[in-house]
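Dear colleague,

I am passing on the structure below, together with an account of what I found when I went through it. Please keep it open while you read, as the notes move from place to place along the chain.

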Amino acid sequence: MKILKDLYNILMPRRCVVCQGILEPHEQYICTACSIQLPRYPLKSIEDNEPLRKVWDFAPVQYGATLLYYRPQSDYHKMITDIKYRGGEQLGIKLGQWAAMEMAHWQLAEKIDVIVPVPSDSKRENKRGYNQAELIARGLGNAMQRPVETFLERSKTGTSQTKLGKRERRENATGRYEACIPQSWRGKHILLVDDVLTTGATIGNCAQTLLDEDSQATISIFTLAYDG
Ligand SMILES: [Zn+2]
């Protein structure tokens with residue numbers, strides 16, 4: 001079996017998700033050099049943190065975790081744009097798996113029942129039609145051994161946001177998504193997943209839409225990066 005594995009590694013070398021360099025046998029997903037330079041978010045608690053507080057303006061979510069600061073000028077930012085623009089399906093899934101490994105000590109997998117990606121909009125979805133939130137969710141689900149379900153969809157009748165005031169925008173925003181949760185999934189703990197959290201509006205409105213559909217649900221959130 002080891003020969004097969006060695007052969008596989010020669011033919012399909014495992015590559016760093018940031019620099020695409022070939023990984024050493026002891027490295028997982030990201031090479032040591034890139035790992036040292038990652039702008040990690042100093043997550044001290046999943047019960048109270050800055051990105052989570054932003055989302056609380058929009059919905060009462062339970063736990064929140066993020067791994068990185070979103071820094072468009074940094075090298076690692078490439079890995080997020082690669083998912084978007086270079087059709088990095090495998091990359092997106094690997095990032096999700098890496099995220100699950102990085103978060104293992106928070107024991108989120110034990111707390112949640114199901115993983116739901118934030119739906120993409122046309123700006124976010126890349127040319128090959130991938131939703132990067134969904135790829136990250138699939139990687140997480142695979143590593144956490146939890147199912148990934150698409151309970152959320154973008155509403156087809158959303159009003160343009162640009163002419164609205166802040167409050168109207170918030171009220172209108174929940175109308176941008178529609179939730180459909182099957183009976184067997186009601187009252188469960190849902191981990192809502194997106195790639196980047198900025199104002200918290202997107203993931204917060206998605207969380208509220210799920211709660212409007214199922215008031216017995218518990219929602220927690222994970223985003224790969226925080227733009228704060
Ligand atoms: Zn690297």
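Between which helix and which strand is the loop that holds Gln-145 found? Gln-145 belongs to the loop that runs between helix H7 (132-144) and strand S3 (152-154), and with a relative accessibility of 68% it counts as exposed. I begin there on account of its backbone: Gln-145 has a positive phi of about 55° although it is not a glycine. As background, most residues other than glycine have a negative phi. Gln-20 is another such case, since its phi is positive at about 70° and it is not a glycine either. Gln-20 sits in the loop between helix H1 (2-11) and helix H2 (32-37), where it counts as partly exposed at 34% relative accessibility.

Before going further, please bear in mind that this is a predicted model. The mean pLDDT of the protein is 85, and 80% of its residues reach 70 or more. Confidence varies between the elements, with helix H8 (residues 166-174) having the lowest mean pLDDT, at 55, and strand S2 (residues 114-117) the highest, at 98.

As for the overall build, the secondary structure of the protein comes to 9 helices and 6 strands. Of its 228 residues, 48% count as buried. If one takes the contacts in the protein with a separation of 6 or more, residues 24 or more positions apart account for 72% of them.

The interior is where I spent a good part of my time. The largest nonpolar core holds 69 residues, and those that touch the most other members are Leu-140, Met-144, Leu-192 and Phe-222. Helix H5 (residues 89-103) gives the most to this core, with 7 residues, and the core draws at least three residues from each of domain 1 (1-37) and domain 2 (38-226). Phe-222 shows how such a member is surrounded: leaving aside neighbours within four places in sequence, its contacts include Ala-99, Met-103, Ile-136, Leu-140, Leu-192 and Ile-203.

Helix H5 also holds a polar residue worth a look, namely Gln-97. With a relative accessible area of 16%, Gln-97 is buried, and, not counting residues up to four places away in sequence, it touches Tyr-29, Gly-139, Leu-140, Asn-142 and Ala-143.

Strand S5 (residues 189-197) contains two further residues that I would point out, and Asp-195 is one of them. Why does Asp-195 count as buried? The cut-off for buried is under 20% relative accessible area, and Asp-195 counts as buried because its value is 5%. The side chain of Asp-195 makes a polar contact with the side chain of Gln-132, at 3.0 Å.

The other is His-189, which also has its place in strand S5 and counts as buried at 9% relative accessibility. What does the side chain of His-189 reach at 3.1 Å? That partner is the backbone oxygen of Lys-111, while a polar contact of 2.7 Å joins the side chains of His-189 and Ser-220. Among the residues that His-189 touches, not counting those up to four places away in sequence, are Gln-62, Tyr-63, Asp-113, Val-114 and Thr-218. The C-alpha atoms of His-189 and Ala-217 are separated by 5.9 Å, although the two residues are 28 residues apart along the chain.

Towards the end of the chain, Asp-227 lies in the segment after strand S6 (218-226) and counts as partly exposed, at 29% relative accessibility. Leaving aside its neighbours within four places in sequence, Asp-227 is in contact with Tyr-70, Val-196, Leu-197 and Thr-198. Its C-alpha atom is separated by 9.8 Å from that of Gly-200, which is 27 residues away along the chain.

Finally, a word on the cysteines. The structure holds 0 disulfides. Cys-19 is partly exposed, with a relative accessible area of 40%, whereas Cys-31 is buried, with a relative accessible area of 12%.

With best wishes

Definitions and conventions. Residues are numbered from 1 along each chain as its sequence is written. Side-chain values use heavy atoms; hydrogens and water are left out. A disulfide is a pair of cysteine sulfur atoms within 2.5 Å. Buried means under 20% relative accessible area, exposed over 50%, partly exposed in between (1.4 Å probe, protein chains only). Helices (H or I, at least four residues) and strands (E, at least two) are DSSP runs, numbered from the N terminus. A polar contact is a pair of N or O atoms within 3.5 Å; within protein, one must be able to donate a hydrogen and the other to accept it, and residues adjacent in sequence count only if both atoms are side-chain atoms. Contact means heavy atoms within 4.5 Å. pLDDT is the predictor's confidence in each residue, from 0 to 100. A nonpolar core is a set of buried Ala, Val, Leu, Ile, Met, Phe, Trp, Tyr and Cys residues joined through side-chain atoms within 4.5 Å. Domain bounds come from an automatic or database domain assignment.
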